[in-house]
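Student: Pick one small part of this model and take me through it closely. I'd like a single connected story rather than a list.

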Amino acid sequence: MKICLTANTAWNLAHFRRNHIQALLDVGAEVHAVAPHDSYVDNLLSMGVQFHPWKIERRSLNPSTEMVSVRRIQKIYQKIQPDLVHHYTVKAVLYGTTAARWAGIGGVVNSVTGLPYIVVSQKKGMAKRLARWVAMKWYAWCVTGKKTRVIVQNLDDLAVLESFAKGVRQYATVTNGSGVALDYFQKAPFAGNEIPSVLFVGRFLREKGVFELMDAVRKLKQQGLQFKLTMCGDIDHGNLSSATADECKLWMREGLVDFMGRVDDVRPKLAEADLVVLPSYREGTPRSLLEAMATGRPIVTTDVPGCRNVVEHQVNGLMVPSRSSDALADAMSTMIQDANLRRQMGEAGRLKAVAEFDEKIVIDQTLSVYHELRPDVFPPAKEWSDQQESLSSALEAVAAST
């Protein structure tokens, strides 16, 4: 039984899919990883995963260049001959599905962890409308078909998919994001810093709301509010919507940010934080917020698909309109100045994470999709399922905490 996992970075697979990979290894699968080579390949190899480098040009929109990337992955699939491939990230879904069908792979699973911006945007202009139409048609082709299954992280994304991919619902499974490893992200004691610490975790992208965040922080600093901002993430050099190095340096010089940079283990930063902020434009189900909840941290986020699945307004956090730095500043000010509110919302968040977002349940759902798609090679749930145990543990934990 050969299972191939494909993404646009090895970091994505090593960082976000580690427990999923381990679950596959535990049931006896031969696991292959396909992604551009980076410093996280050794993490995959140490688990017993076979790695295959895939060269792609992340910034390119040139059709001939992109077709070369498709052919490259097709050759990899023809060499591996996997029983099933599972794609994460947009280009992996589009290019990988095309390559898998050309290579005659018997099962394709696509995880939609957030729709491509070009699909959900409403930008005007003939060229942009044409590009959006092409992207929607291609995406629809990738998420439908008898040998294809799609995993989506919220009902909003499924509704958007269904608007241009007719019949996708029969191929779809909806999960609560990728879940969160509750034994790894354990509840941390209330921080209660004298100068509150605000944490942002994510790539420094416009769609993540980083520019609105900077505007909000600037406003609050000008008002004399005392707090620190930590940003765990980095510049995405392959993404045109990323903040630039010069912009990040300017934010540091202004005193808006106390720390910026990628952190492989974000748990210490979460433990130090009084508040977690994610002013995104749209998400699948944001893992950074799930990890914040599991740690017992209150949240300020936007009322958009994905984020609203995680935060219940005025229960475990506050939601504000997207793209509004004024509303974001007001919500942050409220939370920064009220330690009791932060404590109450952090407690509610941990309970919600335990009750609804256990990663083990999501992994079981995904393995069930594998069995449904390839019952000839992938074992049934009775041979590996942790779902009932996870549900029982979740309910017991909630009962013990109330």
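Tutor: Let's start at Thr89, which touches Ala7, Asn8, Asn12 and Ser111, leaving aside residues up to four places away in sequence; touching here means heavy atoms within 4.5 Å. Before going on, note that this is a predicted model: local features need pLDDT of at least 70, side-chain atom pairs count only at pLDDT 80 or more, and totals for chains, interfaces and linings use all residues. Residues are numbered from 1 along each chain as its sequence is written, and side-chain values use heavy atoms, with hydrogens and water left out.

Thr89 lies in the loop between β4 (84–87) and α5 (90–103). Those labels are DSSP runs numbered from the N terminus: helices are H or I with at least four residues, strands are E with at least two. Thr89 counts as buried because its relative accessible area is 16%; the scale is buried under 20%, exposed over 50% and partly exposed in between, with a 1.4 Å probe and protein chains only. Asn8 is more than a touching neighbour on that list: the Thr89 side chain reaches its backbone nitrogen at 3.2 Å. That is a polar contact, meaning a pair of N or O atoms within 3.5 Å; within protein, one must be able to donate a hydrogen and the other to accept it, and residues adjacent in sequence count only if both atoms are side-chain atoms.

Now follow Ser111, another residue that Thr89 touches. Its number falls within β5 (residues 108–112), a strand that runs parallel to β6 and is joined to it by five bridges. Strands pair if DSSP finds at least two bridges between them. Within this pair, Val109 sits opposite Arg149 of β6.

β6 (residues 148–152) is mostly covered, with five of its five residues buried. Thr148, Val150 and Val152 point one way, while Arg149 and Ile151 point the other, and all are buried. So what does β6 do besides pair with β5? It also runs parallel to β7 (residues 172–174), with three bridges between them, and Thr173 is the bridge partner of Ile151. To get from β6 to β7, the chain passes through helix α8 (residues 155–164), a right-handed β-α-β crossover. Right-handed means that, with the strands pointing away from you, the path from the first strand over the helix to the second runs clockwise.
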